[in-house]
Amino acid sequence: MLFPAIDGTTTLYGIIGNPVAHSFSPLMHSQAFWQVGHKALYLPFPVEPEDLPQLLEAFRIASVQGFNVTVPYKEAIVPFLDDLTEEAQLLGSVNTVWREAGRWKGHSTDGPGFVRGLKERGWQVEGRSATLLGAGGSAKAVAFSLLKAGLAQLHIKNRTRAKAEELASKLAEIFGADRLSVGLPEGGADLLVNCTSVGLKADLSPLPKGQLEAYRQVVDIIYNPAQTRLLKDAQDLGLEWDNGLAMLLYQGVESFEIWTGRPAPVALMKETLAAQLQGK
Ligand code: ATR
């Protein structure tokens with residue numbers, strides 16, 4: 001393991017959430033900082049909801065340079081920030097914050113990280129079609145970034161149909177109604193993305209195996225278990241598949257690059273994540 005050179009100029013980053021003890025980000029980012037010679041540490045900050053309004057002032061005083069935001073504060077942090085990127089504004093959600101000319105700026109790297117993961121795998125997004133399962137926070141981020149990356153057609157299916165309709169109509173305002181539909185498409189699509197929590201706690205799939213045949217590529221944003229029932233079915237059917245580790249990795253990579261202005265040491269970050277997952 002690399003050892004950090006800590007001195008009087010070392011700066012601080014971290015992740016806020018509740019709980020955050022399970023987070024892989026502190027080791028992943030701290031090691032990445034040391035690898036590129038960015039003199040900084042990244043720590044977990046468990047935050048109580050009532051402390052959120054004072055948090056940015058406390059971080060300003062303590063010279064915290066930037067931080068990630070996880071459950072349950074991705075939306076709750078937004079009113080306290082000075083500036084948002086277009087992505088964060090549209091999603092109403094932030095997972096990455098940094099200081100810019102004395103102001104706190106927020107962005108969401110979840111969606112960009114997801115799309116970057118697909119591209120690193122050589123999976124094309126532009127001009128393709130996809131079905132998205134779910135309409136919660138992750139689904140929203142993934143949907144927005146897929147369309148922004150040029151996805152031609154997005155079908156949104158959710159247990160609570162009204163939430164899928166709400167998301168589709170919001171996205172239709174930005175990307176055009178012809179690129180969106182609600183419900184499962186009859187002939188399937190190129191890509192299927194699971195953004196529901198089905199498969200996280202039990203060996204269940206959000207889509208019957210018979211309907212999976214209508215896809216070529218399948219991604220589950222769940223990374224633990226590494227292969228959910230959905231992904232096992234995809235493998236059985238000979239489809240290309242991937243789990244949520246790439247999204248976890250590349251959302252971190254994107255945050256790192258915003259904070260440091262340098263290319264992230266992706267291989268090291270991936271190794272650190274895999275090692276931590278194995279220890280679980
Ligand atoms: P996240 O931030 O991870 O996206 P979320 O916002 O709570 O989490 O969203 C969870 C998603 O999983 C929702 O789309 C939810 O469907 P509902 O909108 O109908 O609640 C979906 N989900 C959770 N449990 C499910 C289940 N048993 N069957 C189908 N969908 C489920």
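Biologist: What makes Asn158 a polar-contact partner of the ligand?

Modeller: In this predicted model, a polar side-chain atom of Asn158 lies 2.7 Å from an oxygen atom of the ligand. A polar contact requires a pair of N or O atoms within 3.5 Å, and the pair at Asn158, at 2.7 Å, satisfies that limit.

Biologist: Which other residues place a polar atom beside an oxygen atom of the ligand?

Modeller: Thr160 does so through a polar side-chain atom at 2.4 Å, and Ser197 through a backbone N or O atom at 3.5 Å. Taken alone, the ligand exposes 640 Å², of which the protein buries 60%.

Biologist: Which residues come nearest to the ligand, and how is the shell composed by class?

Modeller: Of the 13 residues around the ligand, the nearest are Ser138, Asn158, Arg159, Thr160 and Lys163. The shell comprises three nonpolar, eight polar and two charged residues.

Biologist: Why is Thr96 called buried?

Modeller: The relative accessibility of Thr96 is 0%. Buried means under 20%, so Thr96 is assigned to that class. Thr96 belongs to strand E5, residues 96-100.

Biologist: Which residues surround Thr96, and which side chain makes a polar contact with it?

Modeller: Beyond its neighbours within four places in sequence, Thr96 is in contact with residues including Phe67, Asn68, His107, Ile258 and Trp259. The side chains of Thr96 and Asn68 are joined by a polar contact of 3.4 Å.

Biologist: How many aromatic pairs are found, and why is the pair of Tyr42 and Trp259 called tilted?

Modeller: A search of the whole structure finds 10 aromatic pairs. For Tyr42 and Trp259, the distance is 6.0 Å centre to centre and the angle between the planes is 50°. Ring centres within 6.5 Å make a pair, and planes under 30 degrees apart would be stacked, over 60 edge-to-face. An angle of 50° falls under neither heading, so the pair of Tyr42 and Trp259 is tilted.

Biologist: Where in the chain do these two rings lie, and are they buried or exposed?

Modeller: Tyr42 is in strand E2 (residues 40-46) and Trp259 in helix H9 (residues 245-260), so the pair links distant parts of the chain, 217 residues apart. Tyr42 has a relative accessible area of 1% and Trp259 one of 9%; with the limit at 20%, both residues are buried. Ring pairs also link Tyr42 and Trp259 with Tyr13, Phe33 and Phe256 into a cluster.

Biologist: What makes the pair of Phe59 and Phe67 edge-to-face?

Modeller: The ring centres of Phe59 and Phe67 are 5.0 Å apart and the planes stand at 70°. Because that angle is over 60 degrees, the pair is edge-to-face. Phe59 and Phe67 are both buried.

Biologist: How do you know that the bond between Asn18 and Pro19 is a cis peptide bond, and where is Pro19?

Modeller: Omega is about 5° for the cis bond that joins Asn18 and Pro19. Pro19 is placed in the loop between strand E1 (11-17) and helix H1 (25-36). The peptide bond from Asn224 to Pro225 is also cis, with omega near 10°. Most peptide bonds are trans.

Biologist: Why is Ser63 called partly exposed, whereas Ala101 is called exposed?

Modeller: Ser63 has 38% relative accessibility, which lies between the limits of 20% and 50%, so Ser63 is partly exposed. Ala101, at 82%, is over 50% and therefore exposed. Each has a positive phi without being a glycine: about 60° for Ser63 and about 50° for Ala101.

Conventions: Residues are numbered from 1 along each chain as its sequence is written. This is a predicted model: local features need pLDDT of at least 70, side-chain atom pairs count only at pLDDT 80 or more; totals for chains, interfaces and linings use all residues. Side-chain values use heavy atoms; hydrogens and water are left out. A residue is near a molecule or strand if one of its heavy atoms lies within 4 Å of it. A polar contact is a pair of N or O atoms within 3.5 Å; within protein, one must be able to donate a hydrogen and the other to accept it, and residues adjacent in sequence count only if both atoms are side-chain atoms. Accessible areas come from the Shrake-Rupley method with a 1.4 Å probe; for residues, only the protein chains shown count as cover. Ala, Val, Leu, Ile, Met, Phe, Trp, Tyr, Cys and Pro count as nonpolar, Asp, Glu, Lys and Arg as charged, and the others, Gly among them, as polar. Helices (H or I, at least four residues) and strands (E, at least two) are DSSP runs, numbered from the N terminus. Buried means under 20% relative accessible area, exposed over 50%, partly exposed in between (1.4 Å probe, protein chains only). Contact means heavy atoms within 4.5 Å.
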